[in-house]
Amino acid sequence: MKLRRLELDDAPFMLEWMHEKSIIYELKNDFYNKTLDDCRNFIRTSWNETNNLNLAIVDNNNIYMGTVSLKNITLISAEFAIVIRKIAMGSGLSKYAMQEIIRIGFEKFKLKKIYWCVRTENKRALKFYDKNEYQRINICNSELLNIILSMKNYTEEQIFNYIWYEIKV
């Protein structure tokens, strides 16, 4: 298993998880209406982005199993995101990919913090993060609140109803 740059050949596998209701029903964005062309465009765009890092999670045969990302990268922080195909759940790929992208964030980008959020309904993700001892934070008492509010990627309702995690150097 490893992380690598997204490739156009990954698009059909990406679309697979986007159309898997058991995966996307708990996510913030509408992935179900995405097309193969949307996936290809996302991959092409990822090659030149400077404030987002989107990498393929691949198995030992270099087959795409998911995407792991650092989004909204600044000099201080970035937002973590991950999604994997149903076939890869329980394989250890998520744990590996998360550890590796966090390492990249702190070592390559010299970030001071990496954060993410999870809908309360996403029991699978919450169980994964808690099992791996990632620490939940109270967003109301966090310096992250101003960063998140300034990005305007979340509604206030989402900010205050999601469960937030943060890792600091």
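In the predicted model, residue E79 is found in strand β4. With a relative accessibility of 3%, E79 counts as buried, because buried residues are those under 20%. Leaving out residues up to four places away in sequence, E79 touches S69, L70, K71, N72, Y115, W116, C117, M151 and Y154. A further relation is that of E79 to G105: the two are 26 residues apart in sequence, and their C-alpha atoms are 9.9 Å apart in space.

One of the residues touched by E79 is N72, which lies in the loop between β3 and β4. The backbone of N72 has a phi near 55°, a positive value in a residue other than glycine. A positive phi, of about 65°, is also found at N62, which is likewise not a glycine. N62 belongs to the loop between β2 and β3, and at 33% relative accessibility it counts as partly exposed. These values may be set against the general rule that most residues other than glycine have a negative phi.

Another residue touched by E79, W116, leads to the nonpolar interior. The largest nonpolar core has 30 residues, and those with the most contacts inside this core are W116 and Y129. The elements that give two or more residues to the core are the strands β2 (53–58), β3 (64–71), β4 (77–84), β5 (113–118) and β7 (163–168), together with the helices α4 and α5 (123–131). Of these, α4 provides the largest share, with 7 residues. Apart from this core lies another, of 15 residues, among them L15, I43, A56 and V58. In soluble globular proteins, nonpolar side chains tend to be buried together.

Y129 illustrates how residues from separate parts of the sequence come together in the largest core. Y129 is buried, with a relative accessible area of 6%, and, its neighbours within four places in sequence being left aside, it is in contact with F80, I82, M98, W116, V118, Y134 and Y165. Ring pairs, moreover, link F80, W116, F128, Y129, Y134 and Y165 into a cluster.

The aromatic rings were then considered over the whole structure, where a search finds 12 aromatic pairs. A pair of aromatic rings is described by the distance of the centres and the angle of the planes. For W17 and F31 the ring centres are 5.0 Å apart and the planes stand at 65°, so this pair is edge-to-face, a term that applies to angles over 60 degrees. The pair links distant parts of the chain, since W17 belongs to helix α1 (residues 11–18) and F31 to the loop between α2 (21–24) and α3 (36–46), with their positions 14 residues apart in sequence. Both W17 and F31 are buried. F128 and Y129 also form an edge-to-face pair, with 5.4 Å from centre to centre and 70° between the planes. Whereas Y129 is buried, F128 counts as partly exposed, at 22% relative accessibility.

Two rings have a charged side chain over them. The charged end of R5 sits over the ring of W47, at 4.4 Å from its centre, and K21 lies over the face of Y32, at 5.2 Å from the ring centre.

F128 is also touched by S94, which further touches I82 and I84 when residues up to four places away in sequence are not counted. S94 lies in helix α4 (residues 93–107), and at 16% relative accessibility it counts as buried. In the loop between β4 and α4 is found A88, which is buried, with a relative accessible area of 3%. Apart from its neighbours within four places in sequence, A88 is in contact with M65 and L93. The C-alpha atoms of A88 and D59 are separated by 8.8 Å, although these residues are 29 residues apart along the chain.

The packing of helices was examined for α1 and α3. Two packed helices are described by the angle between their axes and the distance between the axes. The helices α1 and α3 pack at an angle of about 120°, with their axes 9 Å apart, and their crossing is right-handed. On the side of α1 the contact is made by A11, P12, M14, L15 and M18, and on the side of α3 by L36, C39, R40, F42 and I43. Among these contact residues, L15 and I43 also belong to the core of 15 residues.

Methods:
Residues are numbered from 1 along each chain as its sequence is written. This is a predicted model: local features need pLDDT of at least 70, side-chain atom pairs count only at pLDDT 80 or more; totals for chains, interfaces and linings use all residues. Side-chain values use heavy atoms; hydrogens and water are left out. Rings of Phe, Tyr and Trp (its six-membered ring) pair if their centres lie within 6.5 Å; planes under 30 degrees apart count as stacked, over 60 as edge-to-face and the rest as tilted. Helices (H or I, at least four residues) and strands (E, at least two) are DSSP runs, numbered from the N terminus. Buried means under 20% relative accessible area, exposed over 50%, partly exposed in between (1.4 Å probe, protein chains only). A charge sits over a ring if NZ of Lys or CZ of Arg is within 6 Å of the ring centre and within 35 degrees of the ring normal. Contact means heavy atoms within 4.5 Å. A nonpolar core is a set of buried Ala, Val, Leu, Ile, Met, Phe, Trp, Tyr and Cys residues joined through side-chain atoms within 4.5 Å. Axes are lines fitted to C-alpha atoms, for helices over the stretch in contact, and angles run from 0 to 180 degrees between N-to-C directions. A crossing is left-handed if the near helix is turned anticlockwise from the far one by less than a right angle, and right-handed if clockwise.
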